[in-house]
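Subject: Handover of a structure and its findings

Dear colleague,

Please find the structure below, together with its sequence. An account of what was found in it follows.

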Amino acid sequence: MIEQNFIKLFENSFRQNWDLPAYSDYSKGETFTYGQAATQIAKLHLLFDKINIKQGDKIALIGQNTPHWTITYVATVTYGAIIVPILQDFNANDVHHIVNHSDSTLLFCSDRIWDNLEEEKMDQLTAVFSLDDFRCIYQKDGAGIQKIMLGINDDFNAKYPEGFKPADIKYAERENSELAMISYTSGTTGFSKGVLISGNALAGNVTFGIRTHLLEKGDRVLTFLPLAHAYGMAFDFLTATCAGAHTNLLNKIPSPKVLIKAFQDVKPSVIFTVPLILEKIYRKQIQPMLNKMPMKLALSIPMVDSTIYKQINKKLTEAFGGEFKEVIIGGAPMNKEIEEFFRKIGFRFTVGYGMTECAPLISYAPWNEFKPYSAGKILDIMEAKIDSANPEEEVGEILVRGENLMSGYYKNPEATEAVIDEDGWMHTGDMGILDKDNNLYIKGRCKTMILGANGQNIYPEEIEAKLNNMPFVMESLVIEKDSKLIALVYPDYEAVDAASMNNDALALIMEENRKELNKEVASYEAVTKIILYPNEFEKTPKRSIKRFLYTNYAG
């Protein structure tokens with residue numbers, strides 16, 4: 001068990017870093033110091049108390065990365081309630097389902113998202129609060145919460161007549177072993193899995209980040225990964241807050257142009273990102289330069305090439321703000337060609353490995369110790385083994401256990417038993433090898449899950465289940481090709497014939513199906529193309545599609 005209590009990590013940080021900047025909205029230029037954030041947290045605690053929220057109650061949270069999002073998260077866990085962060089990409093039906101499945105009592109939601117939700121479909125909610133300004137935008141009949149909100153400042157001033165001070169910060173007493181968060185790996189009804197994350201698993205990630213000096217007091221981070229996703233949450237936000245760092249929240253689409261401007265302004269001390277960001281910068285800004293004939297000739301000359309690579313590294317480092325210790329890449333596999341180039345020029349980067357079920361970190365090594373093409377070294381608070389006869393050479397499934405591991409899946413003991421064996425090992429579904437120094441090398445995935453470009457978990461069965469209910473679709477198979485999702489569809493030819501439909505008309509209907517499908521799924525689950533498949537897909541004896549036969553299908 002991690003020695004440091006998860007809630008006390010926040011209590012100590014807010015007391016010790018009172019005057020330092022904590023959270024900034026990069027787009028608006030609005031900043032909360034640790035003291036100002038702690039004051040807002042105290043007001044939310046007072047609100048929770050007045051509306052009879054108990055320790056262990058669930059509070060759902062959905063919206064853009066903003067200071068109010070971070071304040072709501074911290075207020076919830078430090079009160080002793082359980083946070084249910086929801087990715088803002090989920091559609092309305094998915095949000096309704098997660099709020100209901102998690103038994104959430106309150107919902108904090110941005111106004112933009114609330115406009116698309118229906119309160120009658122979340123009838124267990126006592127109230128909904130706006131993340132824009134914390135006003136109460138919905139309450140159950142007779143709850144009187146809007147009236148309480150109107151008087152909350154007066155009540156706060158009465159409770160702290162001499163003003164709220166660092167000594168007034170005292171958060172809930174709650175053991176690390178108790179549940180702190182339910183993180184949903186997917187939002188689709190029928191397939192959702194709520195990952196049960198204890199305070200211990202979160203403290204494991206946070207204390208590792210502090211102990212290894214990933215983040216330190218006064219450091220700056222630029223947050224462009226969604227905070228509702230385990231990777232961005234753990235380090236850009238939780239570790240940063242507990243270390244006394246300054247989190248700058250980017251509320252824009254992280255295009256290379258937008259990011260480079262933000263990097264110049266913030267000058268982050270460490271950068272947490274996904275491969276897609278580096279790959280875009282490489283392909284749009286570096287590769288065209290390298291492909292020009294004069295540059296090709298220069299790089300073919302010994303000694304000259306090393307000078308050019310140093311210059312490229314210097315310019316790239318400056319483009320990222322120039323003051324970072326390292327760039328940490330996770331959430332998805334790194335393109336080997338691009339990894340080789342960044343290594344060749346001496347760029348300070350490393351690749352880690354994790355999953356939501358480990359909140360998320362499993363392996364990491366600092367850039368100057370990182371082994372090429374690995375996913376870092378297994379953390380000292382985690383164990384890993386390979387399910388093969390020769391783990392150093394023979395690929396097998398990666399099994400993990402340790403301090404960061406989830407408690408299970410909420411209301412789903414069958415799914416929990418399917419991945420965590422009787423000895424406590426979690427079967428990750430990923431394939432790899434582990435060398436004698438505990439460096440992990442991931443070789444592929446044995447699960448059907450597809451990792452989206454920004455590290456989101458995509459479960460093709462969920463998309464297929466929706467598509468299979470659409471006109472003239474007998475069965476379907478969603479695959480990834482060139483980082484895009486393609487749907488192979490075996491049409492219902494009997495229905496097609498009965499409708500006297502030709503191929504052109506069928507193609508038009510499939511395009512309409514695709515458009516309708518994309519309205520029902522998250523943006524990162526959008527299907528870019530439907531390809532008609534001429535035959536029924538080959539099945540196993542259990543009637544499951546043999547997916548491996550179609551992964552490279554080109555149509």
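What percentage of the contacts in the protein with a separation of 6 or more do residues 24 or more positions apart account for? The share is 65%, where a contact means heavy atoms within 4.5 Å.

Two remarks on the source come before the details. The model is predicted, and for that reason local features need pLDDT of at least 70 and side-chain atom pairs count only at pLDDT 80 or more, whereas totals for chains, interfaces and linings use all residues. Residues are numbered from 1 along each chain as its sequence is written, and side-chain values use heavy atoms, with hydrogens and water left out.

Overall form

The protein contains 18 helices and 27 strands; these are DSSP runs numbered from the N terminus, helices being H or I of at least four residues and strands E of at least two. Its radius of gyration is 25 Å, which agrees with the value near 24 Å for a compact globule of 555 residues. That radius is taken over C-alpha atoms, and the globule rule is 2.2 Å times the number of residues to the power 0.38. Along the principal axes, the C-alpha trace spans about 75 × 70 × 45 Å.

Of the 555 residues, 56% count as buried. Buried means under 20% relative accessible area, exposed over 50%, and partly exposed in between, with a 1.4 Å probe and protein chains only. The protein carries 58 positive and 73 negative side chains, and the centres of the two sets lie 6 Å apart. Lys and Arg count as positive and Asp and Glu as negative, while His and the chain ends are not counted; each charge is placed at NZ of Lys, CZ of Arg, CG of Asp or CD of Glu.

Strands and their pairing

Two strands pair if DSSP finds at least two bridges between them. One open sheet has three strands in the order β15-β16-β17, with antiparallel pairing. β15 (353-354) and β17 (377-378) each have a single partner strand and stand at the edges, so one side of each is left without a neighbour in the sheet. Strand β16 (residues 361-364) is joined to β17 by two bridges, and Y364 has K377 in β17 as its bridge partner.

Strand β26 (residues 484-491) has seven of its eight residues buried. On the antiparallel side of its pairing, eight bridges link β26 to strand β25 (residues 473-481), with L477 matched to L488 of β26. β25 and β26 form a hairpin with two residues between them, and D482 in the turn has a positive phi of about 55 degrees. β26 also pairs with strand β27 (residues 527-532), here in the parallel sense over five bridges. In that pairing, L488 stands opposite I531 of β27.

Two individual residues

S183 belongs to strand β8 (residues 179-184) and is buried, with a relative accessible area of 5%. Leaving aside residues up to four places away in sequence, S183 touches K193, G194, V195, A228 and T356.

E403 is placed in the loop between β19 (396-402) and β20 (408-409). Its relative accessibility is 23%, so E403 counts as partly exposed. With residues up to four places away in sequence not counted, E403 touches M1, I2, N200, A201, I381 and M382. E403 and F32 are 371 residues apart in sequence and 32 Å apart in space, C-alpha to C-alpha.

Yours sincerely
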